[in-house]
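Visitor: I'm new to reading protein structures. Could you walk me through one?
Guide: Sure, let's put it on the screen and take it feature by feature.

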Amino acid sequence: MNDLLYIIALPATLAILSLFIKDVKLTRKLVPVLIWWQLGIVALVLHPCLLGNEHMQFISGLAVDKMGTYFILLATFVVSCCITHADYFFAAAEANGDAYGDQQLRLFYASVNLFLLAMTSVFLCDNLGYLWIAIEATTLSSAPLVYFERNKFALEATWKYLIVCSVGIAFALLGTVFIFAASQRGTLAVPTLNISELISQAQTLNFPLLRLGFIFCLIGYGTKAGIFPLHTWLPDAHAESPAPASAMLSGSLLNCALFGIWKVSSIINAAQPHSHVHQLVAILGTITVVAASLLLLRQHNFKRLWAYSSIENVGLMVFAIGLGSGPLFFLQALNHSLAKVALFLLTGNIIQASGTKKLNKMHGVIEDCPIWALLVTLATFAVTGAPPFGAFVAEMSMLSLSMSDGRWVLALIMTVAIAISFVAICAHMGKVILGPAKQGFKKFQPVRASIIPAVLVFGTLVLGLVVNTEAWSGPWSMIK
Amino acid sequence: MILDTFEALAMVSAIFAILILGTTHLRTNLSFYSLHTMAIAAVTAWIANITHEDHLYLVAAGVFIIKSWGIPWYLNSVIKKINIGTDGGAFIAAPLSMHLGALMLGLSFMISQQIPGLIGEPDSRLGSTAAMSILFTGVLLMLTRRAAISQIVGFLVIENGIYLFAVTQTHGMPLMIEMGLLLEVLVAVMVAGLLLFNIKKSFEHIDVSQLTELKD
């Protein structure tokens, strides 16, 4: 119980404080420092789960296992990086002449902290009901981040985000009710929504109801994750929010929804391994990757490009869930988060410096600011899964696992789709980076703006070089 | 067939939901929504009475206060402030969509028998029929209406359908979860209401079908 308080106290306090601190400049410096501190606290409190295969129970319905710990650390890390970079982002906006109001910034920092709190609680949930509440809370707390720019486009994006995600998630609630009914109509003595109990008693559940519940949860959380035909909110929200917020949405919010799918799919996997329903998840992942790779071909907006690339990566993660491999799911999520956060932050810099979001009006970043060009190129390769970056290792292991599982058709389609998206993204980025210079980048501080992205790109590079594939692709070898 | 009281109440709430489809006058819509939710609160209280699960009384009180008074009151004040009386125009004329809603009720009766695992519990069939019909009604509202506020009402109706399903089929989920859900819905409606003000201010209308600036 105490441990739980340690984890949630700081973001909760900061959320309130940042609304009331008069001097926004102070908030801008204070919040990043304290969120890094929060990362330390979380690592310290949860270190038993991190090292061993332990399971930490706080109160009934709130518990965390190894995978949850990894995801909490990842989410906190992403938020710390983004919020640190946000200070630079707002300074650059001021230098650019479109300063944001104090009240606007206060709300931004308060929402970021609430958002972190909501995301942390997603990974702490050991109860399907709490999980649903926490995931819906991430939507509500991030809506002000999407509406940050306060213009018509942001308004439209926020409205779509709120309505599409809330209705989508409502279906996940229906799925949760079905799973609760499955535990009631089975031979289980006490009906429960507790995930670990459901997994350990999976054989006794009423399977048809469980299956129905799983499908609804998949649709519901899938909407939030941006699985193919339900992805419509995702590019709008990612493109219209300010760069640090887009980075957080892509790098940590999507993981929350995918974590929900993972939890529900581990119940159905325990009830009936290799069921057709579970097969559906891998197929859905493949469809998402194919659709995203085709949509990537014709993009005109710099940030929408990365939003569709996020959809592609969500497809890959769903595919990993469909293969039943938790470690690979996390490895892909980790690499995607690192590379995509770097990309969104750098893209924000470039958009601020060049004053346009349109891809066809951008050129010559390599002459204007070589260091950004270098980092963007590296991060692009990292996110598309080129060697030697971490995503390559994850995608390679995924493909070989699906081959050895006998799903070589899916693996083949997946390979082609990944190749298409690689070509599409590289073609777009080639035009942005090469060409004549645009000038006007001088007043920005390229070095200060590059620190966080450089760290992230370096991180994913290291992951690609040191990760031992054997340890990650085995079933449950690493994460219980 | 002998109709249990709670089943009759569930049906009443389904019929009020269908009546929402029948008019594009926003305040009337909200009144029907309020009545529809009151019927659901009554179902909850009645089931609490039958099953002696005392926590359901609390949930019923929560539903009654937050969903059937608080939310319609808040949305009414939003409507008054942005000064919009009727839904600009539905994609399907209101009477027609009401008939579609009635058709959906019949369809739900047929589907409720098909749900695997629920068979063999004859007493809950009408409850799940009503729940499913409310769910369909909410979806129909969201699909056919243009005003942003009708979209919110549609979402609320869908949520009510799911809630009714949980209450009639599983006799309510644990108290903490139900309370969490209520809070979540309340916050969602408040955020959506705030956005509604801004939509009216920047676009001078609340027609969501015209929000099409963002595309690839």
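Guide: Let's start with a term: two residues are in contact if their C-beta atoms, placed from the backbone, lie within 7 Å. Keep in mind, too, that this is a predicted model.

Visitor: Okay, so among contacts in chain A between residues at least 6 apart in sequence, what share join residues at least 24 apart?
Guide: That share is 80%.

Visitor: Which helices and strands should I look for in chain A, and how many of each are there?
Guide: You'll find 20 helices and two strands in chain A.

Visitor: How do I judge the overall shape of chain A?
Guide: One way is to set its radius of gyration against that of a compact globule. With 480 residues, such a globule would be near 23 Å, and chain A, at 21 Å, agrees with that. You can also look at the span of the C-alpha trace along its principal axes, about 70 × 50 × 40 Å.

Visitor: And how much of chain A is buried?
Guide: Burial is a matter of counting neighbours: a residue is buried if 20 or more other C-beta atoms lie within 10 Å of its own, and exposed if 12 or fewer do. In chain A, 62% of the 480 residues count as buried.

Visitor: Which residue of chain A has a positive phi although it is not a glycine?
Guide: Have a look at Arg150(A), where phi is about 60°. You can find Arg150(A) in the loop between α6 (128–146) and α7 (152–185) of chain A.

Visitor: Is Arg150(A) buried or exposed?
Guide: Count the neighbours: Arg150(A) has 12 other C-beta atoms within 10 Å, so it is exposed.

Visitor: What about chain B?
Guide: There, His52(B) has a positive phi of about 60°, and it is not a glycine either. His52(B) sits in the loop between α2 (26–51) and α3 (55–82) of chain B. With 7 other C-beta atoms within 10 Å, His52(B) is exposed.

Visitor: Where is there a cis peptide bond?
Guide: Check omega: it is about 5° at the bond joining Pro387(A) and Pro388(A), which is cis. Pro388(A) belongs to the loop between α16 (370–384) and α17 (390–404) of chain A.

Visitor: Last one: how many residues does each chain bring to the contact between them?
Guide: Chain A brings 37 residues and chain B brings 32. On the chain B side, α7(B) gives the most, with 13 residues. The residues on that side divide into 21 nonpolar, seven polar and four charged.

How values were computed. Residues numbered from 1 in each chain as written. Chains lettered and ligands numbered in written order. Predicted model: local features only at pLDDT ≥ 70, side-chain atom pairs only at ≥ 80, totals over all residues. Helix = DSSP H or I, 4+ residues; strand = E, 2+ residues; numbered from the N terminus. Nonpolar A, V, L, I, M, F, W, Y, C, P; charged D, E, K, R; others polar. Rg over C-alpha atoms; globule rule 2.2 N^0.38 Å.
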